[in-house]
Amino acid sequence: MFRSYFPSSALLGAVLAAPGLAAPASANAFYDAAICKPPYTMDSGTALYEAAEKLAKPDTSMLTAYVYTLPEELGQDGFKSRQVVFAGTATGVLIEGLRADALAEHYQLTKERSTVFGTSSKGYARALPPEQQPQSDMGTVSIVARESPSLPGKTLLACEFVSKEDQAALDAFGKSGGK
């Protein structure tokens with residue numbers, strides 16, 4: 001599903017060998033992926049997606065995302081979840097409660113410049129440092145935390161890849177005042 005954007009990556013081996021992913025049933029591997037450990041690639045996203053498929057059936061009611069409710073709770077640093085999200089070029093978890101501010105403080109995220117075409121009511125992000133960008137010539141991998149009316153009582157924490165073309169479109173949309 002995800003492999004079409006990125007050719008084979010050396011990170012795939014690292015993802016599959018990472019603690020927690022060696023046994024797909026380890027829920028914390030999904031949380032680690034949401035905080036970009038390792039940084040997102042299509043291969044790492046695919047490996048996690050395939051692991052999620054073995055654990056649960058997705059809720060596909062959100063038009064652009066698959067949400068998997070896992071049989072066990074996952075989380076770190078006081079943030080809890082049971083739901084894993086795959087949306088486009090992002091892998092994340094749905095944190096219980098409206099926790100974007102707390103996540104931003106904990107993971108050193110800064111306020112996003114846009115509301116992603118009005119889909120988020122509050123959003124924070126932090127691009128990974130250049131040495132952690134898997135394919136910086138194609139775009140940027142960031143940790144994001146977003147609240148949205150479409151996710152009542154939940155906060156998306158995700159590792160997402162935004163292509164240079166998509167970022168240029170978002171920037172142009174923002175400069176136009178959203179018109």
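Visitor: How many disulfides does the structure hold?

Guide: The structure, which is a predicted model, holds one disulfide. The bond joins Cys36 to Cys159, with an S to S distance of 2.1 Å.

Visitor: Which parts of the chain does the pair of Cys36 and Cys159 tie together?

Guide: Cys36 lies in the loop between α2 (28-34) and α3, while Cys159 belongs to strand β8 (residues 154-163), so the pair ties together parts that are 123 residues apart in sequence. Both Cys36 and Cys159 are buried. The torsion about their S-S bond is about 110°, so the disulfide is right-handed.

Visitor: I should like to turn to the sheet. What is the order of its strands?

Guide: In general, strands of a sheet pair through backbone hydrogen bonds, and the pairing is either parallel or antiparallel. Here, eight strands make an open sheet in the order β1-β2-β3-β4-β8-β7-β6-β5, with antiparallel pairing.

Visitor: Which strands stand at the edges?

Guide: These are β1 and β5 (110-111). Each has a single partner strand, so one side of each is left without a neighbour in the sheet.

Visitor: How many bridges join β2 to β3?

Guide: Seven bridges join these two strands, which run antiparallel. One detail is useful for what follows: Tyr66 has Phe86 in β3 as its bridge partner.

Visitor: How should I read the aromatic pairs, and how many are there?

Guide: Two rings are counted as a pair if their centres lie within 6.5 Å, and the angle between their planes gives the kind of pair. The count comes to five aromatic pairs. In one of them, Tyr49 and Tyr66 are tilted, at 6.3 Å centre to centre with 40° between the planes. This pair links distant parts of the chain, with Tyr49 in helix α3 (residues 42-55) and Tyr66 in strand β2 (residues 66-76), 17 residues apart.

Visitor: Are Tyr49 and Tyr66 buried or exposed?

Guide: Burial is judged by relative accessible area, and under 20% means buried. Tyr49 has 15% relative accessibility, so this residue counts as buried. Tyr66, at 30%, is partly exposed.

Visitor: What kind of aromatic pair do Tyr49 and Phe86 form?

Guide: Tyr49 and Phe86 form an edge-to-face pair, 5.7 Å centre to centre, with 90° between the planes. Tyr49 lies in helix α3 and Phe86 in strand β3 (residues 79-87), so the pair ties together parts that are 37 residues apart in sequence. Phe86 counts as buried, because its relative accessibility is 2%. Ring pairs also link Tyr49, Tyr66, Tyr68 and Phe86 into a cluster.

Visitor: Which residues have the most contacts inside the largest nonpolar core?

Guide: That core has 35 residues, and those with the most contacts inside it are Phe30, Tyr31, Phe86, Leu103, Tyr107 and Leu157. Among the elements that give two or more residues to this core are α2, β2, β4 (90-96), α4 (100-106) and β7 (139-147). Helix α3 gives the most, with five residues. A second, separate core has nine residues, including Val85, Val144, Leu151 and Ala158.

Visitor: Where is Thr60 found, and which residues does Thr60 touch?

Guide: Thr60 is in the loop between β1 (58-59) and β2. With residues up to four places away in sequence left out, Thr60 touches Ala65 and Tyr66. Thr60 counts as partly exposed, because its relative accessibility is 47%.

Visitor: Which ring does the charged end of Lys111 sit over?

Guide: The charged end of Lys111 sits over the ring of Tyr124, 5.6 Å from the centre of that ring.

Terms used:
Residues are numbered from 1 along each chain as its sequence is written. This is a predicted model: local features need pLDDT of at least 70, side-chain atom pairs count only at pLDDT 80 or more; totals for chains, interfaces and linings use all residues. Side-chain values use heavy atoms; hydrogens and water are left out. Rings of Phe, Tyr and Trp (its six-membered ring) pair if their centres lie within 6.5 Å; planes under 30 degrees apart count as stacked, over 60 as edge-to-face and the rest as tilted. Helices (H or I, at least four residues) and strands (E, at least two) are DSSP runs, numbered from the N terminus. Buried means under 20% relative accessible area, exposed over 50%, partly exposed in between (1.4 Å probe, protein chains only). A charge sits over a ring if NZ of Lys or CZ of Arg is within 6 Å of the ring centre and within 35 degrees of the ring normal. Contact means heavy atoms within 4.5 Å. A disulfide is a pair of cysteine sulfur atoms within 2.5 Å. A nonpolar core is a set of buried Ala, Val, Leu, Ile, Met, Phe, Trp, Tyr and Cys residues joined through side-chain atoms within 4.5 Å. Two strands pair if DSSP finds at least two bridges between them.
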